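Student: Could you take me on a close look at one part of this structure, step by step? I would like to see how its pieces fit together.

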Amino acid sequence: MSRRLHSPTTRLSAAPLSRSRRKALQWFALGCGCAMCGSVNARLLDFDLQAVEIASKTWAVLGRSEGFEQDNGGNIVNVAFIEAPDGVIVIDTGPSKRYGDALRQLIEKTIPGKPILRVYNTHHHPDHFLGNQSFDASVIAAPQKVIDNIALEGNDMTDNLYRLLGDWMRGTLPVAPTLSMDADKENVGGKQFSLYYLSGHTSSDFVIRDDDTGVVFSGDLAFLYRAPTTPHADIAVWHQSLDTLKNIDKSLLLPGHGPHDKKGEAIEQTKDYIDWLHGSISESVSQGLTMNEAMLLPIPKRFQGLGVVRDEYVRSVVHLYPSLEDELFPVIEINQ
Ligand SMILES: [Zn+2]
């Protein structure tokens with residue numbers, strides 16, 4: 001894919017928006033763009049990443065259950081790294097070059113002197129892959145569809161994060177994986193991984209299982225105590241993928257957002273939420289509510305404790321309403 005320098009000024013173009021750019025703007029619609037709400041961390045532009053050992057020689061770096069804000073610099077995502085006998089495996093790389101550099105430093109501090117042998121990208125959302133630039137591109141792997149999605153939307157999504165996060169993004173370019181994966185198993189550095197090719201949160205969601213520890217890295221197919229995001233969602237397919245995910249033998253699951261899950265809560269919570277979302281928005285369409293009216297509807301009590309639930313619900317109305325309108329009220333051609 002081509003590389004180009006991004007700057008917030010690229011957003012000032014008066015040219016009509018491309019379809020992919022409109023989609024990217026939908027994805028970020030209602031994210032906090034407040035440039036004035038910086039904390040000490042924001043002013044220092046320091047993520048202060050911490051590694052949490054969630055299983056033997058397996059560390060998670062847990063992001064905040066928030067949206068993209070100046071105050072968090074985009075540190076809202078979970079990434080992970082694993083020590084194998086001969087090197088290190090990384091799962092997702094965060095929202096920016098600055099984050100990727102901080103992640104590399106944290107890995108070197110935690111596991112000194114071992115080479116990074118593999119970086120997996122779970123899907124093409126920018127908080128999961130924009131740290132790729134800090135790693136050797138020749139070891140970054142994902143399904144071909146993820147690579148294609150990054151080629152198609154990576155530039156626009158990067159531009160939008162510049163708009164939302166400003167200086168936190170300085171120097172960040174979208175770097176796609178170079179290794180196209182389709183194997184069911186891969187041995188990396190003396191460790192075996194099972195690989196699953198699912199979809200529904202996006203058109204390609206890559207799930208990785210460490211066969212030694214039984215830890216499953218679900219990417220954004222699963223969220224825990226944080227409202228799921230839906231800019232590229234197909235709810236029916238997502239539901240099926242969650243059933244598949246449930247049947248994968250696991251010791252614990254690291255969701256894309258929220259704490260690591262030892263009790264099997266994340267899959268059920270995500271399924272419950274997306275099913276409610278689909279039902280609620282379908283009902284709104286059937287009743288003839290406008291999108292603005294649908295956005296104001298109450299959120300069930302059982303979801304009110306999820307991080308950023310109102311913001312994500314409103315965004316999901318924007319994402320899902322048009323296709324559900326088409327589905328429930330198809331255009332009828334009248335021949336005259
Ligand atoms: Zn995602």
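**The five-stranded sheet and its helices**

Tutor: Happy to! Let's begin at a turn: E8 and E9 form a hairpin with 2 residues between the strands, and there Gly189 takes a positive phi near 60°. Keep in mind throughout that this is a predicted model.

On either side of that turn, E8 and E9 run antiparallel and are joined by 4 bridges. You can find one of the pairs by looking at Asn187, whose bridge partner in E9 is Gln192.

Now follow the chain along E9. Strand E9 covers residues 191-198, and strand E10 covers residues 205-210; the two pair in the antiparallel sense over 6 bridges. Here too the strands make a hairpin, this time with 6 residues between them. Look in that turn for Gly200, which has a positive phi of about 125°. Two pairs will help you line up these strands: Leu195 stands opposite Ile208 in E10, and Tyr196 stands opposite Val207 in E10. As a general point, strands of a sheet pair through backbone hydrogen bonds, either parallel or antiparallel. It also helps to know that in a regular strand the side chains alternate between the two faces of the sheet.

Let's step back to the whole sheet. It is an open sheet of 5 strands in the order E8-E9-E10-E11-E12, with mixed pairing. Its edges are strand E8 (185-188) and strand E12 (252-257), each of which pairs on one side only. Direction ignored, neighbouring strands here are turned by 30° against each other on average.

Next, what lies across this sheet? Helix H6, made of residues 235-246, lies across E9, E10 and strand E11 (215-223). The helix runs at about 160° to E11.

H6 also has a helical partner, H7, which spans residues 265-286. Their axes come within 10 Å and cross at roughly 165°. Angles over 145 degrees count as roughly antiparallel, and H6 and H7 are therefore roughly antiparallel to each other. The crossing in which H6 passes H7 is left-handed.

Which residues meet there? From H6 come Ile235, Trp238, His239, Leu242, Leu245 and Lys246, and from H7 come Ile267, Thr270, Lys271, Ile274, Asp275, Leu277 and His278. Sorted by class, this contact has 7 nonpolar, 3 polar and 3 charged residues.

To place this part in its surroundings, look at the other sheet. That one is an open sheet of 7 strands, ordered E1-E2-E3-E4-E5-E6-E7, again with mixed pairing. Strand E1 (52-55) and strand E7 (179-181) are its edges, each pairing on one side only. Within this sheet, strand E4 (residues 87-91) and strand E5 (residues 116-120) pair in the parallel sense over 4 bridges. Ile91 has Tyr120 in E5 as its bridge partner. Helix H3 (residues 97-110) packs on this sheet, touching strand E2 (58-61), strand E3 (79-84), E4 and E5.

Finally, the whole protein chain has 9 helices and 12 strands. Of its 336 residues, 47% are buried. Among contacts between residues at least 6 apart in sequence, 72% join residues at least 24 apart.

Definitions and conventions:
Residues numbered from 1 in each chain as written. Predicted model: local features only at pLDDT ≥ 70, side-chain atom pairs only at ≥ 80, totals over all residues. Pairing = 2+ DSSP bridges. Axes fitted to C-alpha atoms, helices over the stretch in contact; angles between N-to-C directions. Contact = placed C-beta atoms within 7 Å. Buried ≥ 20, exposed ≤ 12 C-beta atoms within 10 Å, placed from the backbone. Parallel < 35°, antiparallel > 145°, perpendicular 65-115°, else oblique. Left-handed = near helix turned anticlockwise from the far one by under 90°. Nonpolar A, V, L, I, M, F, W, Y, C, P; charged D, E, K, R; others polar.
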